[in-house]
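Please open the structure in a viewer and keep the sequence alongside. The tour below proceeds by selections, with a short account of what is found at each stop.

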Amino acid sequence: MLIIFSNFTGYLLPWDQLAYWAVTVGTSLLEYIPLIGNSIREFILGGDEVNANTLLIFYNFHTALFPILILLLMAYHFWRVRKAGGVILT
């Protein structure tokens with residue numbers, strides 16, 4: 001899922017007409033999450049509408065948050081493989 005989110009945020013960085021509508025459609029899907037969907041949408045958009053704050057938030061997700069989370073999950077995976085005794089080929 002992190003790779004998909006990273007691809008989506010990278011797709012938005014040119015900030016053209018396609019990116020604008022991708023943000024609009026992608027964030028409108030968040031409204032279907034019960035109770036917290038609208039709050040998450042407003043947080044990700046940086047307000048009520050798509051603007052320059054939205055681009056900055058998606059840039060930060062793409063360049064900082066998602067790479068850190070991916071590296072942490074990779075480190076956890078490597079640790080679990082090492083703890084299990086490695087990969088045994090038969």
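Is Asp 48 buried or exposed? Asp 48 is exposed, since its relative accessible area is 59%, and the cut-off for that class is over 50%. The model is a predicted one.

**First stop: Asp 48**

Select Asp 48, in the loop between helix 3 and helix 4. With residues up to four places away in sequence left out, Asp 48 touches Arg 41 and Glu 42. Asn 38 may be added to the selection: 10 residues separate Asp 48 and Asn 38 in sequence, and their C-alpha atoms are 9.7 Å apart in space.

**Second stop: Arg 41 and its partner**

Proceed from Asp 48 to Arg 41, one of the residues that Asp 48 touches. Arg 41 belongs to helix 3. Its relative accessible area is 15%, and because buried means under 20%, Arg 41 counts as buried. Show its surroundings next: not counting residues up to four places away in sequence, Arg 41 touches Thr 27, Ser 28, Leu 30, Glu 31 and Asp 48.

Which residue forms a salt bridge with Arg 41? The partner is Glu 31, and the closest N and O atoms of the two are 3.3 Å apart. Side chains of opposite charge can pair when their charged atoms come close. The count for the structure comes to 1 salt bridge. Arg 41 and Glu 31 are 10 residues apart, and the pair links distant parts of the chain: Arg 41 is in helix 3 (residues 37-45), whereas Glu 31 is in the loop between helix 2 (17-28) and helix 3. Glu 31 counts as partly exposed, at 43% relative accessibility.

**Third stop: helix 3 as a whole**

Extend the selection to helix 3 and colour its buried residues, which are Gly 37, Arg 41, Ile 44 and Leu 45. Viewed down the axis of helix 3, these buried residues fall within an arc of 95°, so they line one face of the helix. They pack against helix 2 and helix 4. Immediately after helix 3 comes Gly 46, with a positive phi near 75°.

**Fourth stop: two loop residues with positive phi**

Select Leu 35, in the loop between helix 2 and helix 3. Leu 35 is not a glycine, yet its phi is positive, about 70°. Its relative accessible area is 89%, and Leu 35 is exposed.

Then move to Trp 15, in the loop between helix 1 and helix 2. Trp 15 is a residue other than glycine with a positive phi, near 55°. At 27% relative accessibility, this residue counts as partly exposed.

**Fifth stop: the aromatic rings**

Display the aromatic side chains. How many aromatic pairs does the structure hold? There are 6 aromatic pairs in the structure. One of them is formed by Phe 5 and Phe 66, which are stacked, with 6.1 Å from centre to centre and 25° between the planes. This pair links distant parts of the chain, as Phe 5 is in helix 1 (residues 2-12) and Phe 66 is in helix 4 (residues 52-83), 61 residues apart. Phe 5 is partly exposed at 39% relative accessibility, whereas Phe 66 is buried at 9%.

Turn next to Tyr 20 and Trp 21. Their ring centres are 5.0 Å apart and their planes stand at 85°, so this pair is edge-to-face. Tyr 20 is partly exposed at 32% relative accessibility, and Trp 21 is partly exposed with a relative accessible area of 47%.

To see a cluster, select Phe 5, Phe 8, Phe 58, Phe 61 and Phe 66 together; ring pairs link these residues.

**Sixth stop: along helix 4**

Show the surface and select Leu 65, Ile 68, Leu 69 and Leu 72, which make a nonpolar surface patch of about 340 Å². Leu 65 lies in helix 4 and counts as partly exposed, at 38% relative accessibility.

The last selection is Val 81, also placed in helix 4. Which residues are in contact with Val 81, leaving aside its neighbours within four places in sequence? They are Gly 86 and Val 87. Val 81 counts as partly exposed, at 27% relative accessibility.

Technical notes
Residues are numbered from 1 along each chain as its sequence is written. This is a predicted model: local features need pLDDT of at least 70, side-chain atom pairs count only at pLDDT 80 or more; totals for chains, interfaces and linings use all residues. Side-chain values use heavy atoms; hydrogens and water are left out. Rings of Phe, Tyr and Trp (its six-membered ring) pair if their centres lie within 6.5 Å; planes under 30 degrees apart count as stacked, over 60 as edge-to-face and the rest as tilted. Helices (H or I, at least four residues) and strands (E, at least two) are DSSP runs, numbered from the N terminus. Buried means under 20% relative accessible area, exposed over 50%, partly exposed in between (1.4 Å probe, protein chains only). Patches are made of residues with over 30% relative accessible area and no salt bridge: like charges are joined within 9 Å, nonpolar side chains (Val, Leu, Ile, Met, Phe, Trp, Tyr) within 5 Å. Accessible areas come from the Shrake-Rupley method with a 1.4 Å probe; for residues, only the protein chains shown count as cover. A salt bridge is a side-chain nitrogen of Lys or Arg within 4 Å of a carboxyl oxygen of Asp or Glu. Contact means heavy atoms within 4.5 Å. The arc is that of the directions from the helix axis to the C-beta atoms.
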